[in-house]
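Q: Please take a close look at one part of this structure, the pairing of charged side chains, for a reader who is new to it. Please then set that part in the context of the whole chain.

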Amino acid sequence: MLVRLRRVPFAAQVLLALVVGVALGLVARDLGPVADGTPNWLTSTLQTIGGTFVTLLKVLVPPLIVTAVIVSIANLKQVSNAARLAGQTLLWFAITALIAVSIGIGLGLLTQPGRNSSVDAAAQAVPESTGSWWDFLTGLVPQNILGLQGSPDGSLSFNVLQLIVLSVAIGVAVLKVGEPAEPFLGLVRSALAIVQKVLWWVILLAPLGTVGLIGNAVATYGWDSLGSLGVFAGSVYLGLALVLFVVYPVLLRLHGLSPLRWFAGAWPAIQLAFVSRSSIGTLPVTERVTEQSLGVPRSYASFAVPLGATTKMDGCAAIYPALAAIFVAQFFDVPLSVTDYLLIALVSVVGSAATAGVTGAVVMLTLTLSTLGLPLAGVGLLLAIDPILDMGRTAVNVAGQALVPTIVAKREGILDLERFRTGRASAPVAAETGGVDADLREPAAV
């Protein structure tokens, strides 16, 4: 039985898990809570399975960020026009973010989500974290070499932005030091390969994690929360669909590339992002499909994809905060001027790094609201359905992280067109399948 399951394509396993998760979630919701109001045994089981999968991904985020960013910056020395590629990458990050936020603003004005909502302001949740420009800027300054920060309960957590800053500084130092830094760089490359291997084992658990995450979402939220915010949720997913299935294909066509072939290559990463809700957790798969399926040279992809996983957020940092800001303004009857809409666009393009590739977009939303002077209490109105929206947002984030390197590589004449068209290069790439189908092979060592 296990052998037969291993022969099922990984993408099909995840899709099957989605169906099973929805079914189990509906059953768990029908069972209802136990007498004391705690979740029933099925809901608790789904929570445990999904939560464990996400926790395993989060555990590997700090070492993955540090090693991937250092190696990606060091790899720039292999590229003759590194500065131009970096500039083009950032430019297209901004262009696609501007298009996405424009769609979000347009949908907000068209659908009026804040005026077509039955959510109760008195029942709002309290956001666990908020953001402002000062918080964002001061958060860039590392407080210690490990990027650790304390919590009120005494626990420690990693500040992703500080880890990125530290890693970029170390990566640049490696380039400047040159030959004496090669032993250190070799150690970091080895560490990255080991982290990727362990993370790949976690990724193989995605079908099981999908059952837990989707099942828990259905059991916990059902249609009640979605009903009160139905127009807003529908607008968000419509915006995400327009970016993913209209804007991105148009950009690919304008560059002479087949959208269908691009989707075929990038889909494993997009699919995993939808389930895991983590751009960083999906990073190894995104980098793999960008190199091996889409034909982007490894020397460039190993820089652009990790950079995108921490700063390229068309879903979390463009569409969602634009729509959410308009929702809050309409809900509290705060008029927005043309200047306010321009500020929304500016914050979305410039402040994307505030999301830092981790689960959720609350920090980015509070950053937008505080810039516009809108009530931060509005964030709590949307928290009830945030996990459901975050699945679609993260999928679009990761799609953009694979799209921009593909476009830039095509514009610069370094894209392997044969690999893009067929998914195969002239020389075969060695990879251990480990029972995983050819569309989701394990990435080769860096």
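A: Arg 298 is a suitable place to begin: with a relative accessible area of 34%, this residue is partly exposed. The model is a predicted one, and the description below applies to that model. The partner of Arg 298 is Glu 291, and the two side chains meet in a salt bridge with a distance of 3.1 Å from N to O. Glu 291 has 9% relative accessibility and therefore counts as buried, since the limit for that class is under 20%. The pair thus joins a buried residue, Glu 291, to a partly exposed one, Arg 298. In general terms, side chains of opposite charge can pair when their charged atoms come close.

This pair is one of six salt bridges that the structure holds. Another links Asp 314 to Lys 312, whose side chains meet at 2.7 Å, N to O. Both of these residues, Asp 314 and Lys 312, are buried.

A further salt bridge is formed by Arg 393 and Asp 390, with their closest N and O atoms 2.8 Å apart. The two residues are three positions apart in helix α19, which spans residues 386-411, so about one helical turn separates them. Arg 393 has a relative accessibility of 0% and counts as buried; for Asp 390 the value is 0% as well, and this residue is likewise buried. The pairing extends to a third residue, for salt bridges with shared partners join Arg 277, Asp 390 and Arg 393 into one network.

Helix α19 also contains Thr 406, a residue buried at 0% relative accessibility. Leaving aside residues up to four places away in sequence, Thr 406 touches Leu 257, Trp 262, Leu 294, Val 296, Leu 415 and Phe 420. Two of these names return elsewhere in the description. Trp 262 is listed with Phe 232 and Tyr 248 as the residues with the most contacts inside the largest nonpolar core, which has 103 residues. Val 296, in turn, is among the residues touched by Thr 290.

Thr 290 is found in helix α13, residues 279-293. With a relative accessible area of 0%, Thr 290 is buried. The side chain of Thr 290 reaches the backbone oxygen of Thr 286 at a distance of 2.6 Å. Beyond the residues up to four places away in sequence, Thr 290 has contacts with Gly 295, Val 296, Ala 301, Val 305, Ala 402 and Pro 405.

The nonpolar core deserves a closer description through Phe 232, one of its residues with the most contacts. Apart from residues up to four places away in sequence, Phe 232 touches Pro 113, Tyr 320, Leu 323, Ala 324, Phe 327, Leu 382, Ile 385 and Leu 389.

Nonpolar residues also appear at the surface. Leu 238, Leu 242, Phe 245, Val 246, Val 250, Leu 254 and Trp 267 form a nonpolar patch there, with about 640 Å² of accessible area together. Helix α11, residues 230-254, supplies six residues, the largest share of the patch. One member, Leu 242, is placed in this helix and counts as partly exposed at 30% relative accessibility.

Two loop residues stand out by their backbone angles. Gln 112 is not a glycine, yet its phi is positive, near 50°. This residue lies in the loop between α5 (82-111) and α6 (133-139), and at 24% relative accessibility Gln 112 counts as partly exposed. Asp 333, also a residue other than glycine, has a positive phi of about 55°. Its place is the loop between α15 (315-331) and α16 (338-350), where Asp 333 counts as exposed with 58% relative accessibility.

Finally, the whole chain gives the setting for these details. The secondary structure comprises 20 helices and two strands. The protein has 446 residues, of which 53% count as buried. Among contacts with a separation of 6 or more, 80% are between residues 24 or more positions apart. The protein exposes about 18900 Å², and carbon and sulfur atoms supply 67% of that area.

Notes:
Residues numbered from 1 in each chain as written. Predicted model: local features only at pLDDT ≥ 70, side-chain atom pairs only at ≥ 80, totals over all residues. Heavy atoms only, no water. Patch = residues over 30% accessible without salt bridge, like charges linked within 9 Å, V, L, I, M, F, W, Y side chains within 5 Å. Areas by Shrake-Rupley, 256 points an atom, 1.4 Å probe, with all protein chains shown as cover. Salt bridge = Lys/Arg side-chain N within 4 Å of Asp/Glu carboxyl O. Helix = DSSP H or I, 4+ residues; strand = E, 2+ residues; numbered from the N terminus. Buried < 20%, exposed > 50% of the residue type's maximum accessible area, 1.4 Å probe, protein only. Polar contact = N/O pair within 3.5 Å; in protein donor to acceptor, adjacent residues only side chain to side chain. Contact = heavy atoms within 4.5 Å. Core = buried A, V, L, I, M, F, W, Y, C linked by side-chain atoms within 4.5 Å.
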